[in-house]
Amino acid sequence: MQQIISLLMENKPGALMRVTGLLSQRGYNIESLTVARTLDPTLSRMTIAVEAEPQMRAQVIKQMNKLINVLQATDVTDGPAVSRELVLLRVRSTQQNRTAILKEAEIFQARVVDSTTEGFVIEATGDSEKLDEFIEVMRSYGESEVTRSGTVAMSLDNKKLRLSPPVPRGSAGEEALELQEAE
Amino acid sequence: MSSNLLSGSKILLECLVREKVELIFGYPGGVTLPFYDALYDHPIRHVLVRHEQNAAFAAQGYARATGKVGVCCATSGPGATNLVTGLVDAMMDSIPIVALTGQVSSKLMGTDAFQEADTFGITRSATKHNFLVKNIADLPQAVHEAFYIAATGRPGPVLVDVTKDVFQGQAHYTPVSEIHLPGYKVYGDGHSGQIRRAAQMMWEAERPFVYAGGGIVAANASEELRALVEMLDAPAVCTLMGLGSLPSEHSNFISMPGMHGSYAANMGMSGADLLIALGTRFDDRVTGRLAAFAPHAKVIHVDVDPAEISKNRHADLPIVGDVKLVLPRLTQELRDLDSTMKAKNAAPRQAWWKQIREWKSEHPLVAERSDREIKPQHLMAEIDRLSGGRAIVSSDVGQHQMWAAQLVRFNEPRLWINSGGLGSMGFGLPSAIGAQFARPDKLVFAVVGDGGFQMSIPELATIANHWLPIKIVVMNNGYLGMVRQWQELFYNNRLSEVELTSFPDVEKLAGAYGFKGRTVDNVNEMPQALADAVNEPGPFLLNVKVSPFENVFPMVPAGGAINEMVLRPPQPVEV
C-alpha cells in the first residue's frame, strides 16, 4: 500500500540521503519524492510516496523523526491532507485534431504552455488519479511524453511543531584555554 | 569572547579539550598528517592501535567501562572504511563514541583522489549522525554537536569527517558556547500520568517480572533499578547488555533471559502477568518467537527512544523517558501507593516467588566439570572465582561469550563488556585495551575464543607497547564453536569450515611481543595457571585447551518460543 509521508527538515547537505536511506535499508522503493525550500529558507518540505508494508508504517515515521535533521515527519496517507501533482505532457498533433486536444485540455483545466506546428506542451495539476486519466486521454490523440512532479502533500492538521531549544555546550572549562594562550 | 588565529587541527584539539577528551585511539595517515602534527606536543594522549577497526573497538571499551564518550581517529579512505564495523557495533549497542576521520582536500573530493572514499555516505547508516566538515568555520560547532549527540538520549556513534584543507587552514577561533539542534529530541523524566498508571499496574500484578536491558547501564541507572526492584520485590532479569546493572548476587536477580538464558529467566518471562521492560528493545535473541513471547503478560515499556516502543512487542503502557529519571519517579509512586495496594496481592506474589525459586532449583546454571578435561564452563567458573564479581570481563563473540554471561558474576555495571547486537568477532581484545586504559585500577580479563582472538592478534603489540596488565584468556576448543554447535544441531553435524587448525604456540607468540604466555590443557593445572596469570604484574596470554565439542545450554532454537528450551545435549555426539 502506498504511504504518503510529509517531512519538514533542515536544508542541509546529506539530509535527503538520511531520509531515503531509512527507506532503502528496508528495501522499500520510493514511488515519488519532492523536496523544496519552505518560507524559511533554512528548512525544506519533502513529500515521499512509498510502497511500505502496513505494519512498518509507524516504525518508519518514528525512525524519520529520530533523524537529527528532521524537524517533523508525518504520515498523511489517511490524515486530513490534500495531495496534488503536476504533469507536463507533450503531445504530437495533426492539423485535424488540434482543436479537439485543446477542448480536452480545457475539460481537465489544463493549460497550454507551448504550442508548435508539431503539437503542444500542456501543464495539468490535480490528484494523481485524475492526472492518470488526463494522460490516458491525451495519448489517444497522438504520441505523448510526460514528466510528472510526484505528489506534494499539505496536511490540514495544524500539528504543533515541537522544537528543541539551544543547549549550552563547549564553553570554556578551566583547563581549556592553554592552547589559546600558547598561541 | 577571545579570538585567535589557529589552524583547523588546533581548533579541533581545542574542541576536544573542551569536551574533556583525555584519550584518542587512532592510526595516522596521509590526510590526517596535519592533525597528528598538532597532536605531537599536545596534552591529549593518543594510543596507536594496529588496525583502525580496533581503534573503534578500543574507544568502545573505554566508553563501555566508563560511560564517557570514547574517541577514535582514522585517516581517509581505508582508514575510515576500517572503522565501519566498530561504528555499526556501537550503533547496535548504543555506545557513545566519536570517530574523527580525515578526508581528502575539498577541491579533490569526487575526483577519485588517492585514499578517497565517501566516508560521509558510507557511514550514514553506521552512525547516529555524521558530519562532513569542508569549511573551517563549521568545525567547532560540528565537534561539539557530535559529542552532544553521541552522549545524550539513546547514545551512539557519531562521525566527523574533516577535509585536509580544513586541518591545514587557519581561522579566528571563537569558542562555541551553545549548540542548537532543533530536530533532536532528548526525552526526560516521563509522563506523570503514565508513571502513576504504571505504578498501579505494578502493584495490581500477581506475577510481575522486571526485564532490564542495556539502557540501565547506558543511563547509569543501576541504583535506581535496584531501588525499584526492591520496592516492588519482583524477580528481575538483566539482558546480555544489562548484566551487572542489578548485582548478580542480588536476591531478586534471576539471571540472563533469551536464547542461552537460564530456565528460570525464560520461564519467568513466559509465566509473568506483567513484564516491566526497562531500557531494553525486545531483541530477537531475548524474545525467541515473538508471537509466543510472554503470552500472559501486559507490558510496561520505559525507553528513551520512542522508536523502540511497540517496535517488536506492543507496549500496553509506554513511558518515553530516561530510565535514570523515570525509575525514581516510579519508585516514589509505588511507595505512595504502598499502604493501599501492596497487601492486596501478597498471597499470589508469594506463590509467584515460590514458583520462580522452584524453576531456579530445577535447572540452575551450574558450571559443568570433568576430571579428565577442561570443560569451558569450568574455566568460566574459575574466572568468576578470581573476579568475585569485581573484575572487568571483555568478551569476544561466540560460545565463550554465552558461558561467561551465564556463569561469571557482575556485581557492578560496566564490568561486562561485549558485542551484543552486532556480534562482531575480534571485539574482545581491543575492547579490553580500551577498558584497561579507562580503568587502570581494575583487573581486566579479555575472554576470547581461538577464532576471535586471531582476528585481533595485531593488538598484542599495543598491549605490549603500553604494558597493559590484561589477562587474555583464550578459550581454545579448536573450532568456531558456536557455528560448529549449530552445524551439529541443525546441519547433521556436517562441520563445514569451522575447524581452526594451526593455532600458534602462545608461549612463543607472547614471547615474541615480550610478555608471558602459557598453554594449559590439564584440568588439574588450570585453576592455578589462571591464578598465576592474574598474579603476573604485566600482560599475560593464557591459552586454555577446553573440550572441543561442548555446546551451550540451555538453548532456544532459532524460531522457538523461549519456554521451549533445550536444556541438555540430546546424547553424546561422536565425531
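**Sheets, helix crossings and the A–B contact**

Modeller: In chain B, six strands pair in parallel to form an open sheet, ordered β17-β16-β18-β19-β21-β20. β17 (416–417) and β20 (516–520) of chain B are the edge strands; each has a single partner strand, so one side of each lacks a neighbour in the sheet. This is a predicted model: local features need pLDDT of at least 70 and side-chain atom pairs count only at pLDDT 80 or more, while totals for chains, interfaces and linings use all residues. Residues are numbered from 1 along each chain as its sequence is written, and chains are lettered from A and ligands numbered from 1 in the order in which they are written.

Biologist: What makes β19 (residues 471–476) and β21 (residues 540–545) of chain B a pair?

Modeller: Two strands pair if DSSP finds at least two bridges between them. β19(B) and β21(B) have six bridges in the parallel sense, so they qualify. Within this pair, Met475(B) is opposite Val544(B). The strands themselves are DSSP runs of E of at least two residues, helices are runs of H or I of at least four, and both are numbered from the N terminus.

Biologist: Which strands does helix α16 (residues 399–407) of chain B lie across?

Modeller: α16(B) lies across β16 (392–395), β18 (444–449) and β19 of chain B, at about 135° to β18(B). Angles run from 0 to 180 degrees between N-to-C directions, and axes are lines fitted to C-alpha atoms, for helices over the stretch in contact.

Biologist: Why are α15 and α16 of chain B called oblique?

Modeller: The axis of α15 (residues 376–387) of chain B comes within 9 Å of that of α16(B), and the two cross at roughly 50°. That angle makes α15(B) oblique to α16(B). Angles under 35 degrees count as roughly parallel, over 145 as roughly antiparallel, 65 to 115 as roughly perpendicular and the rest as oblique. The crossing of these two helices is right-handed; in such a crossing the near helix is turned clockwise from the far one by less than a right angle, and anticlockwise would be left-handed.

Biologist: Which residues make the contact of α15(B) with α16(B)?

Modeller: α15(B) contributes Pro376(B), Gln377(B), Met380(B), Ala381(B) and Asp384(B), and α16(B) contributes Gln399(B), His400(B), Trp403(B), Ala404(B) and Leu407(B). By class there are six nonpolar, three polar and one charged residues. Contact means C-beta atoms, placed from the backbone, within 7 Å. Nonpolar covers Ala, Val, Leu, Ile, Met, Phe, Trp, Tyr, Cys and Pro; charged covers Asp, Glu, Lys and Arg; the others, Gly among them, are polar.

Biologist: What makes α1 and α6 of chain B roughly parallel?

Modeller: The axes of α1 (residues 8–18) and α6 (residues 139–151) of chain B come within 10 Å and cross at roughly 30°. α1(B) and α6(B) are therefore roughly parallel to each other. Their crossing is right-handed. In α1(B) the contact is made by Gly8(B), Ile11(B), Leu12(B) and Cys15(B), and in α6(B) by Leu139(B), Pro140(B), Val143(B) and His144(B). Six of these residues are nonpolar, two are polar and none is charged.

Biologist: Which strands stand at the edges of the sheet β3-β2-β4-β5-β7-β6 of chain B?

Modeller: That open sheet has six strands with parallel pairing. β3 (45–48) and β6 (129–133) of chain B are at the edges, because each has a single partner strand. Neighbouring strands are turned by 20° against each other on average, direction ignored.

Biologist: How do you know that chain A is not a compact globule?

Modeller: For 183 residues a compact globule would have a radius of gyration near 16 Å, and chain A has 23 Å. The radius is taken over C-alpha atoms, and the rule is 2.2 Å times the number of residues to the power 0.38. The C-alpha trace of chain A spans about 85 × 45 × 30 Å along its principal axes.

Biologist: How many residues does each chain give to the contact?

Modeller: Chain A gives 29 residues and chain B gives 33. On the side of chain A, α2(A) gives the most, with four residues. That side has 11 nonpolar, 11 polar and seven charged residues.

Biologist: What makes β10(A) and β9 (residues 178–179) of chain B a strand pair?

Modeller: They share two bridges in the antiparallel sense, and two is the minimum for a pair. Pro168(A) has Glu178(B) as its bridge partner in β9(B).

How values were computed: Two residues are in contact if their C-beta atoms, placed from the backbone, lie within 7 Å.
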